[in-house]
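Welcome! Take a moment to turn the model around on your screen, and then read through the points below with it in view.

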Amino acid sequence: MKVDLLFINARIADGSGRGIYRGNLGVKDGRIAFVGRDKTAEADKVIDAEGLVLSPGFIDPHTHVDAQVIWDAQLAPSCWHGVTSMVMGNCGVGLAPVKTDTRDMLLRDLVNVEGIDYDVLTAGVDWQWESVPEYLNHIERNGLGCNVGAMISLTAIRHEVMGTESVE
């Protein structure tokens with residue numbers, strides 16, 4: 001078999017639950033063509049992964065990237081550590097749905113929960129949405145370096161329904 005890219009001598013953690021093993025992985029047309037101990041192939045490019053672990057991406061089920069995703073499509077540093085999928089909207093914190101008069105309350109929640117500087121949030125959040133679908137379309141339109149799942153935030157819903165009385 002001829003592949004575009006071949007990783008050899010990798011320590012493979014394949015996500016199946018079995019132990020890490022030494023093996024090779026071939027990529028053809030942007031997809032994994034094979035993975036295994038005895039698999040070899042001709043390749044346009046070979047990477048010797050001796051001493052490195054090759055694994056599927058990791059899922060981070062609890063993040064607070066609801067604002068960061070607007071100005072940082074890569075969602076660094078998570079992507080640098082192998083995170084390929086993450087869930088945002090945890091702890092009831094989020095940025096949609098939103099009305100003009102509840103924007104500040106949602107930002108202050110992120111200040112309190114995540115410790116993000118308020119001035120950073122006001123500079124980075126462009127508020128080109130009101131509804132959850134508009135928010136998700138906005139972040140998707142800007143492109144993403146990770147897969148992102150979103151929970152609808154309790155705080156945003158409470159503010160949407162009750163306005164400023166939601167903090168009483």
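**A first stop: Ser78**

Ser78 counts as buried, because its relative accessibility is 19% and the cut-off for buried is under 20%. You will find Ser78 in the loop between α1 and β7. Keep in mind as you explore that this is a predicted model.

**Around Ser78**

- Setting aside neighbours within four places in sequence, Ser78 is in contact with Val83 and Met86.
- Val83 and Met86 both fall in the stretch 83-88, which is β7.

**The overall layout**

- The protein has five helices and eight strands.
- Reading from the N terminus, the order of elements is β-β-β-β-β-β-α-β-α-α-α-β-α.
- The C-alpha trace spans about 65 × 30 × 25 Å along its principal axes.
- The radius of gyration is 21 Å, whereas a compact globule of 168 residues would have one near 15 Å.
- Among contacts between residues at least 6 apart in sequence, 65% join residues at least 24 apart.

**Surface and charge**

- Of the 168 residues, 38% count as buried.
- The protein exposes about 9700 Å², and carbon and sulfur atoms supply 52% of that area.
- There are 14 positive and 24 negative charges, and the mean positions of the two groups are 11 Å apart.

**The largest nonpolar core**

- This core holds 25 residues, and those touching the most other members are Val69, Ile70, Leu95, Val125, Trp127, Trp129 and Tyr135.
- Two or more core residues come from each of these elements: α1 (68-71), β7 (83-88), α2 (103-114) and α4 (132-141).
- Try selecting Leu95: beyond its neighbours within four places in sequence, its contacts include Ile70, Val125, Trp127, Trp129 and Tyr135.
- Leu95 is also in contact with Asp66, Ala67, Leu106, Leu107 and Leu110.

**A second serine: Ser153**

- Where does Ser153 lie? Look in the loop between β8 (147-150) and α5 (154-162).
- Is Ser153 buried or exposed? Ser153 counts as buried, because its relative accessibility is 0%.
- Leaving out neighbours within four places in sequence, Ser153 is in contact with Gly89, Gly92, Val93, Gly94 and Ala96.
- Met88 and Ser153 are 65 residues apart along the chain, and their C-alpha atoms are separated by 8.9 Å.

How values were computed
Residues numbered from 1 in each chain as written. Predicted model: local features only at pLDDT ≥ 70, side-chain atom pairs only at ≥ 80, totals over all residues. Heavy atoms only, no water. Helix = DSSP H or I, 4+ residues; strand = E, 2+ residues; numbered from the N terminus. Rg over C-alpha atoms; globule rule 2.2 N^0.38 Å. Buried < 20%, exposed > 50% of the residue type's maximum accessible area, 1.4 Å probe, protein only. Contact = heavy atoms within 4.5 Å. Areas by Shrake-Rupley, 256 points an atom, 1.4 Å probe, with all protein chains shown as cover. Lys, Arg positive; Asp, Glu negative; His and termini not counted. Charge placed at Lys NZ, Arg CZ, Asp CG, Glu CD. Core = buried A, V, L, I, M, F, W, Y, C linked by side-chain atoms within 4.5 Å.
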